[in-house]
Amino acid sequence: VVVLIPMAVLLWRGFIDFGVASMWEVVNRPRVWNALALSFRAALVASLFNLVFGVVLAWVLVRYRFPGKRLIDAAVDLPFALPTAVAGIALTALYAPRGVFGSFLLEHLGLRIAYTEIGIWIALIFVGLPFVVRTVQPVIEEIDRETEEASATLGATRLRTLTHVVLPMLAPAALTGFALALARSVGEYGSVIFIAGNLPNRTEIAPLLIVIRLEEFDYDGGVAIAIAMLTISFALLLAINLIQIWSRRRMGAV
C-alpha cells in the first residue's frame, strides 16, 4: 500500500489528468533529455564500479584477516547512516578545487572533480557501494572452501576456479546488489546537488530538475519527468531481473 498508492497517484496524474501528449511535450526538451541522460549514465557507471569493487571488498572482508578489518567493515555501512546532504557537503569539501584531494588532483594532474560529472560519479559510488558489499558478503560466507579445493585438485588454476566456480555462484547476489545500487543512484539527490554544480545541460541531474519544477509550482512538469524516470528505471530493472533469472537457470543446469 505504501509503495503502490503513491505510484498509482503519480501515473493517474500524468496519464489521465495531464495526458500523454502534454507529458511528451514536457519531456521532449534538450534540458530534460540531458538531465535524464546524465542521471542514468552516471548511475550506470557508478553501479558498474561498485559491482566490481564491491565484490572484491566483500571477498577481502570475508576471506582475509588484517589490521583494521573491523573498522573497514563498519565503515561500509556509513553511507546508510550518514545523511545524504552531509555526505554531499563532505565530498564537495574534499574534492573542490581548494579541497584536500581536489587541489592536489587539479595541480598535479589537471583533473577537476567537483562541479563535473566525475564528482557525480564519486557521490554515487559512495552511496551505492554498501548495497553490493552487504548483498554479496553472506553468499561468500556460505561458499564452501572445499569446492575451491576440489577444483584445484582436478587441475584448475586459481583464475579458472574463480571464473568457473566462484563467480557463477556469486552472480545472482552480485546482480541483485548492482540493481539496488543502480536504483539508489538514479534517484539520489542530497549527496549529488552539492558536488554537481547543477549547470543546466551539463551537470544538472533529473531529480534536481523535478525539484525545480515543483518549486516553480509546475506540478505537471515534475510529474512528467518523474514518470519518464520511472519508465526508464523499470526497463533497466526488468532487464537486470531477466539476466538474474537466466543466470540462476544456468547455475541450476550446471
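User: Which residues does Thr92 touch, leaving out residues up to four places away in sequence?

Analyst: In this predicted model, Thr92 touches Tyr115, Phe194 and Ile195, when residues up to four places away in sequence are not counted. Thr92 itself lies in helix α6, which covers residues 84-95.

User: Why is Thr92 called buried?

Analyst: The relative accessible area of Thr92 is 11%, and the word buried is used for values under 20%, so Thr92 is called buried.

User: What makes Gln137 a buried residue, and in which helix is Gln137 found?

Analyst: Gln137 is found in helix α8, residues 117-142. Its relative accessibility is 8%, and because the cut-off for buried is under 20%, Gln137 counts as buried. Leaving aside its neighbours within four places in sequence, Gln137 is in contact with Ala58, Leu61, Val62 and Asp73. Pro6, by comparison, is 131 residues from Gln137 along the chain, and the C-alpha atoms of Gln137 and Pro6 are separated by 33 Å.

User: Why is the pair of Tyr95 and Phe101 called tilted?

Analyst: A pair of aromatic rings is described by the distance of the centres and the angle of the planes. The count comes to five aromatic pairs in this model. For Tyr95 and Phe101, the ring centres are 5.6 Å apart and the planes stand at 50 degrees. Centres within 6.5 Å make a pair, while planes under 30 degrees apart would be stacked and planes over 60 would be edge-to-face, so the pair of Tyr95 and Phe101, falling under neither of those words, is tilted.

User: How do you know that Tyr95 counts as buried, and that Phe101 counts as partly exposed?

Analyst: Tyr95 has a relative accessibility of 18%, and since this is under 20%, Tyr95 counts as buried. Phe101 has a relative accessibility of 40%, which lies in between the cut-offs of 20% and 50%, so Phe101 counts as partly exposed.

User: What makes the pair of Phe217 and Tyr219 edge-to-face?

Analyst: The rings of Phe217 and Tyr219 are 6.3 Å apart from centre to centre, with 80 degrees between the planes. The distance is within 6.5 Å and the angle is over 60 degrees, and therefore the aromatic pair is edge-to-face.

User: Why is Phe217 called exposed, and why is Tyr219 called partly exposed?

Analyst: Phe217 has a relative accessible area of 64%, which is over 50%, so Phe217 is exposed. Tyr219, at 39% relative accessibility, lies in between 20% and 50%, and so counts as partly exposed.

User: Which residues have the most contacts inside the largest nonpolar core, and which helices supply it?

Analyst: The largest nonpolar core has 23 residues, and those with the most contacts inside it are Val27, Val32, Leu36, Leu182, Val186, Ile225 and Met229. At least two residues of this core are supplied by each of α2 (20-27), α3 (30-63), α10 (158-186), α12 (206-215) and α13 (219-253), and the largest share, eight residues, comes from α13. Leu182, not counting residues up to four places away in sequence, touches Ala43, Leu44, Ser47, Leu236 and Ile240. A second, separate core has 22 residues, including Ala42, Val127, Val192 and Ala196.

User: How many helices and strands are there, and what percentage of the residues is buried?

Analyst: The protein has 13 helices and zero strands, and buried residues make up 39% of its 254 residues.

Notes. Residues are numbered from 1 along each chain as its sequence is written. This is a predicted model: local features need pLDDT of at least 70, side-chain atom pairs count only at pLDDT 80 or more; totals for chains, interfaces and linings use all residues. Side-chain values use heavy atoms; hydrogens and water are left out. Helices (H or I, at least four residues) and strands (E, at least two) are DSSP runs, numbered from the N terminus. Buried means under 20% relative accessible area, exposed over 50%, partly exposed in between (1.4 Å probe, protein chains only). A nonpolar core is a set of buried Ala, Val, Leu, Ile, Met, Phe, Trp, Tyr and Cys residues joined through side-chain atoms within 4.5 Å. Contact means heavy atoms within 4.5 Å. Rings of Phe, Tyr and Trp (its six-membered ring) pair if their centres lie within 6.5 Å; planes under 30 degrees apart count as stacked, over 60 as edge-to-face and the rest as tilted.
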